[in-house]
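Trainee: I'm new to this one, and I learn best by zooming in. Could you pick a single part, take a close look at it with me, and then show me how it sits in the rest?

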Amino acid sequence: MAILEIKDLHCRLDQKEPSEGKEILKGLNLTINAGEVHAIMGPNGSGKSTLANVLSGKDGYQITQGSIIYEGKNLLEMDPEERAREGVFLAFQYPVELPGVAINYFLRMALKAVREHRGLPALKLKEFDDLIKTKAKVLQLDESFLKRSVNEGFSGGEKKRNEIFQMALLDPKLCLLDETDSGLDIDALQIVSNGVNKLKIEDPKKAFLVITHYQRLLDYIVPDFVHVLVNGRIVRSGDKSLALELEKSGYSWAKEESVSA
């Protein structure tokens, strides 16, 4: 069953004058089925983060052609909050700080909104505390971490673990990881990857779209499919071996294929 179907997607930066907006995605096609892990790789400026931002509903982009269908619904007609409630989660490349907002309070309100949207009752305080402590153990987070303000004063590794922690708690259907490995040392990378893999085991129907520059992340989160995105289009798809090929040969061949396409 398809979780996500992207067909002939064209996207440009949203400007007052349409002719001024730079086109970034230029006919992108991608289908992700339940339970699959897809990795998007490509050089800087190829449109990887733009794709993640468009899927999550971030402002600043104009869709000029194509469609995005999420579980049979038109994703482009949903605002960002509705997409999140429907089960689309984006782990940011650069998570923002929310000074003065405690993590446990932030997540309790977020979970309440998600459960209400799904027709489920809000968890009682004791139930929520038990759940949040259980999920914190998965990411090897000390309980004192939950009392801190969201991402305020966090190291790069702590911010990324907090993103995966939020994902574990909110239980999305489509998990978008935008360069989650950026800035992580090996220990932090293993902790984050283990958290993702445990989520996959807990719910084999979850779908993942992993955006990364480097093959090393895919040693820990093994993809079913790897796609090479260059100049706004997917120019080649394959299995994990494609990521190893990119590690050895770079993207020069892919750029040539993009020009000739």
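Mentor: The chain has eight helices and twelve strands; both are DSSP runs numbered from the N terminus, with helices being H or I over at least four residues and strands E over at least two. Before we zoom in: this is a predicted model, where local features need pLDDT of at least 70, side-chain atom pairs count only at pLDDT 80 or more, and totals for chains, interfaces and linings use all residues. Residues are numbered from 1 along each chain as its sequence is written, and side-chain values use heavy atoms, with hydrogens and water left out.

Our part is helix α5, together with its partner α6. Two packed helices are described by the angle and the distance between their axes. Here, α5 covers residues 156-170 and α6 covers residues 186-202; their axes come within 10 Å and cross at roughly 5°. An axis is a line fitted to C-alpha atoms, for helices over the stretch in contact, and angles run from 0 to 180 degrees between N-to-C directions. That makes α5 and α6 roughly parallel to each other (under 35 degrees is roughly parallel, over 145 roughly antiparallel, 65 to 115 roughly perpendicular, and the rest oblique).

Who meets whom? From α5 come Gly157, Lys160, Arg161, Ile164, Met167 and Ala168, and from α6 come Ala188, Ile191, Val192, Gly195, Val196 and Leu199; contact means heavy atoms within 4.5 Å. By type, the residues of this contact are eight nonpolar, two polar and two charged. In that sorting, Ala, Val, Leu, Ile, Met, Phe, Trp, Tyr, Cys and Pro are nonpolar, Asp, Glu, Lys and Arg are charged, and the others, Gly among them, are polar. As you read along α5, bear in mind that an α-helix has 3.6 residues a turn, so residues three or four places apart point the same way.

Now look at phenylalanine 165, which also lies in α5. Phenylalanine 165 has a relative accessible area of 0% and is therefore buried; buried means under 20%, exposed means over 50%, and partly exposed is in between, using a 1.4 Å probe and protein chains only. Leaving out neighbours within four places in sequence, phenylalanine 165 is in contact with Ile103, Leu107, Ile132, Lys135, Ala136, Leu139, Leu141 and Leu146. For a sense of scale, the C-alpha atoms of phenylalanine 165 and isoleucine 68 are separated by 27 Å, with their positions 97 residues apart along the chain.

Step off the helix and you reach aspartate 171, in the loop between α5 and β9 (174-178). Most residues other than glycine have a negative phi, yet aspartate 171 has a positive one, near 55°. At 36% relative accessibility, aspartate 171 counts as partly exposed. Asparagine 231, in the loop between β11 (225-230) and β12 (233-238), also has a positive phi near 55° and counts as partly exposed at 35%.

A link from α5 to other parts runs through leucine 90, in strand β6 (residues 88-91). Not counting residues up to four places away in sequence, leucine 90 touches Ala52, Asn53, Ser56, Glu163, Leu176 and Asp178, and at 10% relative accessibility it counts as buried. Follow Ala52, Asn53 and Ser56 and you are in α1, where they are among the buried residues. Helix α1 (residues 48-56) has eight of its nine residues buried, so it is largely enclosed by the rest of the structure. Just after α1, glycine 57 takes a positive phi of about 95°.

Lys48, another buried residue of α1, is one of the contacts of leucine 229. Leucine 229 is found in strand β11 and, at 0% relative accessibility, counts as buried.

Finally, zoom out. Of the 261 residues, 47% count as buried. Among contacts with a separation of 6 or more, 70% come from residues 24 or more positions apart. A compact globule with 261 residues would have a radius of gyration near 18 Å, and the chain agrees, having 18 Å; the radius is taken over C-alpha atoms, and the globule rule is 2.2 Å times the number of residues to the power 0.38. Along the principal axes, the C-alpha atoms fill a box of roughly 60 × 40 × 35 Å.
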